[in-house]
Amino acid sequence: MQQPTCINLRKVTRYHCGNVIRNMIFSKRSLFGIIEQDEEQIDAVFTLIEYVYYFSISDYLPWLSVFDLDGHKAIIKKAYATATKHIDIEVDHRIQTWKDGNKSLEEDILDVLIMLKDTNGNPLMNVKEIKAQVLEFFMATVDNPSNAVEWVLAEMLNQPILMQKAIEELNIVVGINRWVQESDLPRLNYVKACIKEAFRLHPFMAFNVPHVSVSDTIVGEKYFIPKGSIVLLSRLGLGRNSRVWEDPLKFKPERHLGMEDGGEVVLTDLNLRLLSFSIGRRGCPAVKLGSTITTMLLARLLQGFTWNLPPNSPCNDLIESSKINHFSTLPLLAQAKPRLAKVMYL
Ligand code: HEM
């Protein structure tokens, strides 16, 4: 009998998210046609994301930046070159295609960005801005969904009853003769509750992206925030707050069921008891897209495969990294066995 394959779920989830956003922007899942290079690009995007959050002395004393005392500049430069190399080639090529009149239909995000016009009918964004926007889309798409799905599966492998409940829901809503579709998502409330619980307990980063206040502000009638302050919102501080959440350190998806009007679970929390997509002017503009990418990924992994821990691992060490992000230190490894008929995977 064939042994189940052991899968590195961190790689699978990260590279899948890369493929999704590549497809949406460029209408192709691979920029290189070589898997290793696509993966290298996504690894470089993750390095860039990580360094958004690192403390650097030159953020406070900019004249020190030439010395690159902490070595961050060199690392970021290298990662930036890898992350953008093929993005830049694709963007240049597509702009030329439009200029040459070889394209007349907007078919993906890149076409839309190129064709955006200001009120005078001139291009809204220059080439540099389009390239920067494309990179931002990559950075915004790959981190939260992949991290949440890896953590949900890790928690499920330690508490198989949770996986069983999610699979029962998938069996009822979707069945086993077709793949889960986006139109099923409103009814996959348990699956979404698992993701929301991962956002609460295991956010991708401890803090949101740093912001600077542009004017003196008073928050909650008693906290004065002077202009120019660096403001960090603690995702952990909210998500694990025992005054807000009962049993805050326990992974308990049920706590999110039946909380919203109409009973449909959504991954945001408008009452800000957890920070998934944040809120306000700098909140995520892609709540629907981010929710869809994350839920589809988890639902398909659960629908398509039976997951088990590799032999000799009685449970996962859900060890959080002592580094800046909150991944478990080691990538999640699990054995996958197809659970649908062979024909479904062709
Ligand atoms: C589960 C998936 C996602 C989560 C949890 C998420 C979460 C967030 C959060 C918390 C912020 C605010 C960061 C801050 O404090 O400045 C943000 C900003 C942003 N997100 Fe998302 N995001 C997700 C997916 C996406 C996707 C798929 C896109 C687009 C392709 C996207 C585009 C953006 C952009 C452009 C911003 C910056 C908004 C601004 O500063 O004006 N996000 N996201």
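C284 sits in the loop between α8 (235–239) and α9 (287–304); helices here are DSSP runs of H or I, at least four residues, numbered from the N terminus. This is a predicted model, where local features need pLDDT of at least 70 and side-chain atom pairs pLDDT 80 or more, while totals for chains, interfaces and linings use all residues. Residues are numbered from 1 along each chain as its sequence is written, and side-chain values use heavy atoms, with hydrogens and water left out.

What is the only protein donor of the iron atom of the ligand? C284, through SG, at 2.3 Å. Donors are N, O and S atoms within 2.8 Å of the metal (3.2 Å for Na, K and Ca); water is not among the atoms, so sites may look incomplete.

Next, the largest pocket. On a 1 Å grid over the protein atoms alone, a pocket is an open set of points where a 1.4 Å probe fits, with protein on both sides within 12 Å along at least five of seven lines; lining residues have an atom within 4 Å of a point. C284 is among the residues closest to the centre of this pocket, with E136, A140, V209 and P285, out of 35 that line it. Which helix gives the largest share of the lining? That is α5, with eleven residues. Helices α2, α5 (127–158) and α9 each supply at least two.
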